[in-house]
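The exercises below ask for strand pairings to be traced one step at a time. Please keep the structure open while working through each solution.

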Amino acid sequence: MHEHDTDISVVGAGPAGAWAARQLAAGGMRVALFDASHPREKACGGGITGRALDEIAAAVPAETLDGVAVEDASFHAGLGDEASVDLRPRGASRRRLLVVDRRSFDAALLEAAIRAGAEHIRERVTDVLVGSDGVRLQTNRRSYRCSRVIGADGVNSLVRRRTAGPLARADLSIATGYFVFGETSRDVRVEFVSAPPGYFWSFPRRDHLAVGACAQADAARVGPLAALVTERIRDAVRPGRQLVRYSWPIPSLGPASLAREQPAGDRWFLAGDAAGLVDPITREGIFFAIRSASLAAEAILGVADAPARYASALRREIYPELSRAARLKRGFFSGPFTRLLVEALRQSQPVREVMADLVAGEQPYKTLKRRLLATLEVRLAWRLLLLEMGVAR
Ligand SMILES: Cc1cc2nc3c(=O)[nH]c(=O)nc-3n(C[C@H](O)[C@H](O)[C@H](O)COP(=O)(O)OP(=O)(O)OC[C@H]3O[C@@H](n4cnc5c(N)ncnc54)[C@H](O)[C@@H]3O)c2cc1C
């Protein structure tokens, strides 16, 4: 037996891995959490929705996080600056969105895992061997044995490649953009783009802006996407501003791939991006990373058959929503739909509320049509129905 035998190894200390390690260690397991990258920034907008904040509140209260609360900002959505949605909550609305930098957010989750008793091993995992008698991990320094492994190592997951198999290019989006240091604002901006089909965003952080654009990988290339971002931020970029460029893939699984997903097996589990769990329209991934980590930990701490319990929890709770979003996606960013949407946003406060809730993770796709119908935006709801049925683009 090796010096570092543990009950369970978690590969990757992003939101999924750090939160899984925290939950398992708090549940009494011996946990080794592998990640050599901290402290580090990650290519990300850093928008943390209320449901993600709720999921971690017991260990990492929102008040302790350093970020810009969108309650204090305005929110613009549209084609160019044609329409504007105000995300600030009205009355009893629960809508919340905190924009953080991933260096400090991920560090807060990692600290929570360590506080709960997880051992952080600052090594990069270079190979994983899942056998019937246990799991062997090879790192850049040595090898370890454990009885189970969680792959929380992001979109290019090594654990996934060694178990379920890699994500296909058709199941990825690409995102590229800049951190603009020396510039900040009070505005959250999201602009729909139909060529390539996706969106541009600008999120305000404490001391910089996170701006970028994303689109499905098989419909876009990084160069033109980056040019689109540069064009949108021309006015914000003045002498003395430092631009740090990033490009990174985002899982965006289609309905058929989601139906085929195998997120766990004998001795292994995948969580977060490694499990392909990102909303393919809004590209919200942090909530799904954290929630899948909670579900994996619950299954592992439960009585028996953890892989089957985890897979059925994802099938019950997460895949149906992602699948609805995936069915809507292609048409959602098409010219006819976005024009209709922007027109409705401009004219109707109830539609503005619905879209702001969607971006803030408060509006499920399951009830989107019904809620749009209630706004009397019948054309928009009808078009959404056609998109869902695959008879409109
Ligand atoms: C440009 C962009 C903008 C985005 N904006 C948002 C947003 O505003 N809101 C939102 O909710 N989501 C957003 N997302 C999605 C979000 O970033 C991801 O879904 C989320 O980070 C997934 O968390 P994770 O823990 O699964 O993986 P990650 O955050 O990718 O963490 C994986 C960790 O594993 C480590 N790792 C990888 N390989 C190994 C290895 N072999 N050994 C050890 N460690 C390893 C990495 O260093 C990393 O620390 C965005 C994504 C992109 C690309």
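Two strands are taken as paired if DSSP finds at least two bridges between them. The model under study is predicted, and the pairings below are read from it.

**Exercise 1.** Determine in which sense β10 and strand β17 pair, and over how many bridges.

*Solution.* Begin with the cut-off, which asks for at least two bridges. Between β10 and strand β17 (residues 268–270) there are three bridges, and the pairing is parallel. As a check on the register, locate I150, whose bridge partner in β17 is F269.

**Exercise 2.** Establish how β10 is joined to strand β1 and to strand β9, and give a residue pair for each.

*Solution.* Take strand β1 (residues 6–11) to start with: five bridges join this strand to β10 (residues 143–151), and the two run parallel, with I8 standing opposite R148. Turn next to strand β9 (residues 134–139), which is joined to β10 by four bridges and runs antiparallel to it; here L137 has Y144 as its bridge partner. The connection between β9 and β10 is a hairpin through three residues.

**Exercise 3.** Work out the strand order of the open sheet of three strands, and identify its edge strands.

*Solution.* The order is β3-β6-β4, with antiparallel pairing. The edge strands are β3 (47–49) and β4 (67–69), each of which pairs on one side only. Neighbouring strands of this sheet are turned by 30° against each other on average, direction ignored. For the pairing of β4 with strand β6 (residues 97–100), count three bridges in the antiparallel sense, and note that A69 stands opposite L98 in β6.

Notes: Residues numbered from 1 in each chain as written. Predicted model: local features only at pLDDT ≥ 70, side-chain atom pairs only at ≥ 80, totals over all residues. Axes fitted to C-alpha atoms, helices over the stretch in contact; angles between N-to-C directions.
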